[in-house]
Amino acid sequence: MAPVRAEGVLLLLSCWFVLHIQSSAGQGSDCSCNMTNSRCDESGICRCDPGWEGEHCDRCVLMPGCVHGSCQQPWQCTCEPGWGGRFCDKDLSVCSNQQPCRNGATCAMKDSGDFTCLCPQGYHGHLCQRKSGPCHQIRSPCKNGGLCEDADGFAADLTCRCLAGFTGSFCETDIDDCLLKPCANDAICLDGINRFSCICPSGFTGRFCTVNLDDCASQPCLNGGRCLDLAGGFRCICQLGYMGNTCEMSLSSPNWTTKGEKGKGKRSSNITQHGNRLMKVTVSDRGIASLSDIQLIVVVVLGGVTLVAVALTSGLVLWGRCQNCSYTAGWSPPCSQGAERSRRRGQSETQQCQISFLNSVEPQKKLNLEAV
């Protein structure tokens with residue numbers, strides 16, 4: 001039984017192999033690709049050669065840019081009727097259909113597919129649209145690249161259209177480009193022909209001197225000082241114990257006392273730190289100097305004015321007090337009664353008024369005195 005089974009398996013495998021070969025041969029014969037311009041892959045799809053396209057690779061590729069044309073071989077551009085030029089984009093019927101030439105000019109076609117206009121006397125231009133006016137008859141008087149304009153020759157007089165930086169009837173005047181002050185930071189402006197240049201001051205650069213240079217790039221601060229970049233300079237913030245523009249001076253001790261010159265006392269100095277900056281405070285102890293003649297005169301005048309002011313003030317105060325005493329109710333009766341009695345007794349009016357003035361402060365005691 002085992003040999004029978006082995007023979008059956010071999011028979012089945014042989015049949016399958018024969019059927020597979022026949023099916024592959026049938027697929028190869030069914031491939032519809034143009035074998036001249038393509039090849040058929042394992043799955044039966046056409047793979048086109050360069051310059052061919054389409055499902056069966058039977059259509060050629062036009063030359064890039066071809067508008068109204070066809071091809072028999074790849075990269076060709078055969079123009080259709082009525083079109084010309086390399087890319088078949090020139091209308092050969094432009095002279096008959098559009099009539100582009102003006103002022104009675106004759107339109108003619110070229111071999112390249114372009115047209116040209118044969119201008120009559122007194123006209124020129126691509127379409128014979130320009131008349132032989134002032135700019136064409138004479139040499140252009142415009143200077144410095146100015147464009148001569150005469151309305152295509154139909155204007156009686158010409159004009160000049162100037163380039164930027166020039167002005168005048170014939171563009172002969174160069175405009176001063178420094179009038180608008182384009183240079184910044186007090187830079188010097190130099191005018192040129194339709195241009196200007198800036199000479200920058202120290203610390204600035206750039207076309208307009210607007211770029212501030214980093215003055216701290218060279219690290220000018222010494223002994224650990226911190227550099228601050230300023231507009232056109234720098235400033236050093238020194239560490240404790242150093243001073244100077246670049247912190248180059250070293251202070252051996254923050255406090256010291258030195259003797260001054262002869263007869264001028266002592267001078268003491270103190271170095272303190274205010275934030276990141278050092279501050280030096282100096283106190284001088286000097287003897288009292290004698291006053292000069294002018295200073296002495298000023299002191300005397302001021303003293304005299306002060307005394308006069310004090311005297312006037314005191315007089316005004318006393319005068320005001322006497323006025324108040326003369327009109328008070330407690331003052332008038334005693335003063336009048338004392339006057340009558342002084343005449344009777346032979347005493348003076350002044351003494352009686354003085355007694356009444358002394359007793360006006362205590363009215364009760366004054367009444368007792370009058371009763372006696």
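Modeller: In this predicted model, a residue is called buried when its relative accessible area is under 20%, exposed when that area is over 50%, and partly exposed in between.

Biologist: Is F208 buried, exposed or partly exposed?

Modeller: The relative accessible area of F208 is 32%. Because that value falls between the cut-offs of 20% and 50%, F208 is partly exposed.

Biologist: And is F196 buried or exposed?

Modeller: The relative accessibility of F196 is 19%. Since the limit for a buried residue is under 20%, F196 counts as buried.

Biologist: How are the ring planes of F196 and F208 arranged?

Modeller: A search of the whole structure finds one aromatic pair, and it is formed by the rings of F196 and F208, whose centres lie 5.9 Å apart. Their planes stand at 40 degrees, and planes count as stacked under 30 degrees and as edge-to-face over 60. The pair is therefore tilted.

Biologist: Which parts of the chain does this pair link?

Modeller: The two residues are 12 apart in sequence, and the pair links distant parts of the chain. F196 belongs to strand β18, residues 195–199, whereas F208 lies in the loop between β19 and β20.

Biologist: Which residues of β18 point to the buried face?

Modeller: In a regular strand the side chains alternate between the two faces of the sheet. Along β18, R195, S197 and I199 point to one face and are not buried. The side chains that point to the other face and are buried are those of F196 and C198.

Biologist: Which residue of β18 is the bridge partner of G192?

Modeller: Strand β17, residues 188–192, runs antiparallel to β18 and is joined to it by five bridges. The hairpin of these strands has two residues between them, and there N194 takes a positive phi near 60 degrees. The partner of G192 in β18 is R195.

Biologist: Which elements give two or more residues to the largest nonpolar core?

Modeller: That core has eight residues, including V94, C101, F115 and L127. V94 touches F115 and, among others, M109. The elements that give two or more residues are α2 (94–97) and β10 (115–118).

Biologist: How many contacts does the model have for residues 345–372 beyond near neighbours in sequence?

Modeller: The mean pLDDT of the protein is 75, and 68% of its residues reach 70 or more, but over residues 345–372 the pLDDT is below 50. Where pLDDT is low, the predicted coordinates should not be read in detail. With that caution, the number of contacts for this stretch in the model is 23.

Terms used:
Residues are numbered from 1 along each chain as its sequence is written. This is a predicted model: local features need pLDDT of at least 70, side-chain atom pairs count only at pLDDT 80 or more; totals for chains, interfaces and linings use all residues. Side-chain values use heavy atoms; hydrogens and water are left out. A nonpolar core is a set of buried Ala, Val, Leu, Ile, Met, Phe, Trp, Tyr and Cys residues joined through side-chain atoms within 4.5 Å. Buried means under 20% relative accessible area, exposed over 50%, partly exposed in between (1.4 Å probe, protein chains only). Helices (H or I, at least four residues) and strands (E, at least two) are DSSP runs, numbered from the N terminus. Contact means heavy atoms within 4.5 Å. pLDDT is the predictor's confidence in each residue, from 0 to 100. Rings of Phe, Tyr and Trp (its six-membered ring) pair if their centres lie within 6.5 Å; planes under 30 degrees apart count as stacked, over 60 as edge-to-face and the rest as tilted. Two strands pair if DSSP finds at least two bridges between them. Lists of a residue's contacts leave out its neighbours within four places in sequence.
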